[in-house]
Every structure is written in structure tokens, then in C-alpha cells.
Amino acid sequence: MVDIIVIDRGDFLEKTLLSIFMQTIVNQVNVILVSSIHYPFLSSFQDKLSFQLVPTIDESLGKRREKGFSEAKHKYVLFMDGGDVFYDVFSLANMYYKIGSNDAIIGGIYNDEKPYLNFYFVGNLYKRSYLVKHHIFFCDNDGEGNEFQQLFIMSGGVYQYCNDYVYYRNRDIHWEFFYLHILQDTISSIEIASKRHYPKEKIAFVLYDVILFFAYRFHDCSVLYFSDELKELLCSLISLYHLYEVYVDYEMQKFLSEVHYTNCEIDQVYVCHFLDM
């Protein structure tokens, strides 16, 4: 069974629940909805799905995600934000039947330039026991929750890529806040990983992933138009990356061996240009 933890973010929640209901293995799903509102339309889903409503009042996104996770009792967990949907009716099954002895399956996100951004946690299928044993958690803030997936990778969790799109994010993004949250979450997760003595090559891989994310977005020097806070955090991230840079290659080879990805040389050009800016 899969506990799907849905965080109500105020928009298009009904669309998310309908997407879950249409999955081919919906009989293997328990929905845990964390919401401050009991919407009238919920009754129609409660009749058709294994369903729990977890109330929340004035709590951060991180606390709401943790609250939902504390209610999970089944073998697997998957997180969704309200408004997001599965890519098609087979998405959950594709991950469910592939996970095997892995601790997680990372699914591709359809509406991103690079589907295998490893700091996204939504749309990934995790073994709950691994997350509990290694104390993988969300920080108490209103960020994107990137630290959760980053801690999972750096802890040494065994994962595979689905090599299929499985998830669609349906949300308007305030880019400055989005970038700030990614940077803050990443720096926090690196500090935690360092204190826990996680493998340096895993930390390096997470750092490279985030550096690459920003290298693609700011290759035209548009970062100059953002706030001083953002630029300072980017400088902190780059300084951290240089501390771990020598450990990048091993984990990158693992990534390339598992994913049908051919832009590695182009990525390197973008990263080098970004680091020299």
C-alpha cells in the first residue's frame, strides 16, 4: 500500500484528488490530506478512496508535511502538493512495480526543463521505513521541501530513476522566493549532512545538482537583477561547492549510467560559465 500525502495549498485540490482516483492501482492507495478546510467535494472522494483528513491551522508547509507523514502507516509514501497531478493513469504503477529493493524511485517532472532535478521530493515514491530509520525530515518553514530529498540522497538511500514522466506541477511560481527557498533549503541540508557525517561524494552530487539548476537559469547573467540576499546565498552555495568539488565525478557517473541523459558536456559548459561569473 502507498500513503499519498497531499498538502492543500489552496488551489485545484479537487484536480489532484481526481488524478489519484484515476490511477490504475488506486486500490493500493491511502490518501492523507492535510488541510485547514473541509471542502464539500471531499465527501465524494471519501466514498471512493481510502481517505484520511488531517486538520491543520496556521502551520508552516514543513510542519504540515511532517504532520501528514506522521500519519503514514503503509510500506510506501508519496507526497503531492494540492494542484499537482500525476502525468497519466499509469504513473503510480510505473513506480510501484519498479521500486523493488530500492529505497525510492525518482520520477520525472513533466514541466521542467530538466526532468531529473534531484532536489524535488514531490512525485517520488519512498519506502517509509528508510525515511523513519534515517530521520529524513522537512524543516519547519514555508520552503519547497527540497531538504527532504537532498537528505535522502546524502544519507545513502538506494534509488533508481523512473525514466518516465510521472508528475506535473501546476502552480504559479514567484521566482525570487522559489530561488531563495532552494538556496536556503540546500545550505541547511548540507549543514545537517555534514553533522551526520554523510558521504562527501553524496554531498557533492547534491551541490552539483543545485549549481546546475542555477547555471541554466542564470547563464544570461539575469541574476544581476535579483536581490542582494539571493546573490549572497548563491555565493555561499558556490563556496560550499568548491569544498566538495573533487568528489563530484563518482556520483555523476552513477547518475549517467541510470538515466537516458545526453547533455552532460553541455551541462559542464553551463556550470563552468556560472562559476566564473
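**Close-up views of a predicted model**

**View A. The side chain of Asp-3 comes to 2.9 Å from the backbone nitrogen of Lys-73.** The structure shown is a predicted model. Asp-3 belongs to strand 1, which covers residues 2-7. Asp-3 is buried but forms no salt bridge. Arg-128 is the nearest side chain of opposite charge, at 5.1 Å; a salt bridge would require a side-chain nitrogen of Lys or Arg within 4 Å of a carboxyl oxygen.

**View B. Surroundings of Asp-3, leaving aside neighbours within four places in sequence.** Asp-3 is in contact with Asn-30 and Ile-32. Its other contacts are Ala-72, Lys-73, His-74, Tyr-76, Val-77 and Leu-78. Lys-73 is also the residue whose backbone nitrogen the Asp-3 side chain reaches.

**View C. Helix 6, residues 146-154, is largely enclosed by the rest of the structure.** This follows because nine of its nine residues are buried, that is, under 20% relative accessible area. The buried residues include the polar or charged Asn-146, Glu-147, Gln-149 and Gln-150. Phe-148, Leu-151, Phe-152, Ile-153 and Met-154 are buried as well. Just after the helix, Gly-156 adopts a positive phi of about 100°.

**View D. A nonpolar surface patch is formed by Tyr-87, Tyr-110, Tyr-165 and Tyr-168.** Together, these four residues have about 380 Å² of accessible area. Tyr-165 is located in strand 8, residues 159-168. With a relative accessible area of 34%, Tyr-165 is classed as partly exposed.

Technical notes:
Residues numbered from 1 in each chain as written. Predicted model: local features only at pLDDT ≥ 70, side-chain atom pairs only at ≥ 80, totals over all residues. Heavy atoms only, no water. Patch = residues over 30% accessible without salt bridge, like charges linked within 9 Å, V, L, I, M, F, W, Y side chains within 5 Å. Areas by Shrake-Rupley, 256 points an atom, 1.4 Å probe, with all protein chains shown as cover. Helix = DSSP H or I, 4+ residues; strand = E, 2+ residues; numbered from the N terminus. Buried < 20%, exposed > 50% of the residue type's maximum accessible area, 1.4 Å probe, protein only. Lys, Arg positive; Asp, Glu negative; His and termini not counted. Polar contact = N/O pair within 3.5 Å; in protein donor to acceptor, adjacent residues only side chain to side chain. Contact = heavy atoms within 4.5 Å.
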